[in-house]
Amino acid sequence: MRVLIVDDDPKYRTFVSKGLMESGMDCAVADSGEAALQFMRKDKFDLVLLDVMLPGLQGWDVLEAARREGIDTPVIFVTARDAVDERVRGLKAGGDDYIVKPFAFAELVARIHSVLRRRSVRPRKTIGDLVIDYVDTKVTRAGKPIDLTRTEFSLLRCLADHDGKPTSRTELLQKVWGIDFDPGTNVVEVHVRRLRKKIDDPFEYPLVQTVRGSGYALARAE
């Protein structure tokens, strides 16, 4: 398990990282909001412990920026700010939990495992800034919700499950529509166009790619 600890207090960072490593976790540390975002963009973490009051970007801003960019890493706010409205703000911003300093270290470890357990039964797929929640059948891109029909969601999921590799028209017909023969219609092409209008057209770059002779892929073009 890899954890990013974000706090501007060096003693706190040392204390927490030492305790988590003794609990079998691998830790990285960041002392500012900007440094935290760089870590989250570059490396893969299982969880982030994020302070609110940071030099430059505050914790709220860090999380909101990460979510806009499609970074869906679980985040626990760890801060001395204990007002109810602060906790609500942290959760509404996309945080998974909120712990007030000072805390018992055993509680911190328990909260980490609790968040990871909750996330483990809520599979999600992240492709660029696109996030697909397989449990709630919800889709967001750059933090904005995208309303899809049941068929559009099934089509998107089928493409996403191929991890950037092409999915043939025949396979899409089988998995999305349950059709094992060519119906002689352009149903796949029509739904791909509709999907593109919703998840590609309003955004900076397209994700639904046409792969000549192979079908369609869901990936950011290099």
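Here are some worked exercises on the predicted model shown above.

Before you start, note that residues are numbered from 1 along each chain as its sequence is written. Because the model is predicted, local features need pLDDT of at least 70 and side-chain atom pairs count only at pLDDT 80 or more, while totals for chains, interfaces and linings use all residues; side-chain values use heavy atoms, with hydrogens and water left out.

**Exercise 1. Get the overall picture**

Work out how many helices and strands the protein has, and what share of its residues is buried.

Step 1: Count the elements. You should find eight helices and 11 strands. Both are DSSP runs numbered from the N terminus: helices are H or I with at least four residues, strands are E with at least two.

Step 2: Look at burial. Of the 222 residues, 45% are buried; that means under 20% relative accessible area, whereas exposed means over 50% and partly exposed is in between (1.4 Å probe, protein chains only).

Step 3: Put a box around the C-alpha atoms along the principal axes. The box comes to roughly 65 × 35 × 30 Å.

**Exercise 2. Trace the parallel sheet**

In what order do the five strands of the parallel sheet stand, and which strands are at the edges?

Step 1: Follow the pairing, where two strands pair if DSSP finds at least two bridges between them. The order is β2-β1-β3-β4-β5, and the sheet is open.

Step 2: Find the edges. β2 and β5 (97–100) each have a single partner strand, so one side of each has no neighbour in the sheet.

Step 3: Check the twist. Neighbouring strands are turned by 20° against each other on average, direction ignored.

Step 4: Zoom in on β1. Five bridges link β1 to β2 (residues 26–30). Valine 3 sits opposite cysteine 27, and arginine 2 faces aspartate 26. Four of the five residues of β1 (residues 2–6) are buried, so this strand is largely enclosed by the rest of the structure.

**Exercise 3. Add the helices to that sheet**

Which strands do α2 and α3 lie against?

Step 1: Take α2 (residues 33–42). This helix touches β1, β2 and β3 (47–50), and its direction makes about 140° with that of β2. Contact here means heavy atoms within 4.5 Å. Axes are lines fitted to C-alpha atoms, for helices over the stretch in contact, and angles run from 0 to 180 degrees between N-to-C directions.

Step 2: Take α3. It lies across β3, β4 and β5, at about 170° to β4.

Step 3: See how covered α3 is. Seven of its 10 residues are buried, so the helix is largely enclosed by the rest of the structure. Among them are Trp60, Val62 and Leu63.

Step 4: Move on to the loop between α3 (59–68) and β4 (75–79), where you find threonine 73. Threonine 73 is buried, with a relative accessible area of 12%. Beyond its neighbours within four places in sequence, its contacts include Phe45, Asp46, Arg67 and Arg119.

**Exercise 4. Trace the antiparallel sheet**

Why is one side of β6 and of β9 left without a neighbour in the second sheet?

Step 1: Write down the order. Four strands make an open, antiparallel sheet, β6-β7-β8-β9.

Step 2: Read off the edges. β6 (124–127) and β9 (144–146) stand there with a single partner strand each, so one side of each is left free of a neighbour in the sheet. Neighbouring strands are turned by 25° against each other on average, direction ignored.

Step 3: Inspect β8 (residues 138–141). Three bridges join β8 to β9, and arginine 141 is opposite lysine 144.

Step 4: Place α6 (residues 150–160). This helix packs on the sheet, touching β6, β7 (130–133) and β8. Its buried residues, including Phe153, Leu156 and Leu159, are covered by elements that include α7 (169–177), α8 (187–199) and β11 (215–218).

**Exercise 5. Spot the unusual backbone**

Which peptide bond is cis, and what phi do alanine 142 and aspartate 163 take?

Step 1: Recall the usual case. Most residues other than glycine have a negative phi, and most peptide bonds are trans.

Step 2: Find the cis bond. It runs from lysine 101 to proline 102, with omega near -10°. Proline 102 is in the loop between β5 and α5 (105–120).

Step 3: Check phi. Alanine 142, in the loop between β8 and β9, has a positive phi of about 55°. Aspartate 163 has a positive phi of about 50° and is exposed, with a relative accessible area of 55%.
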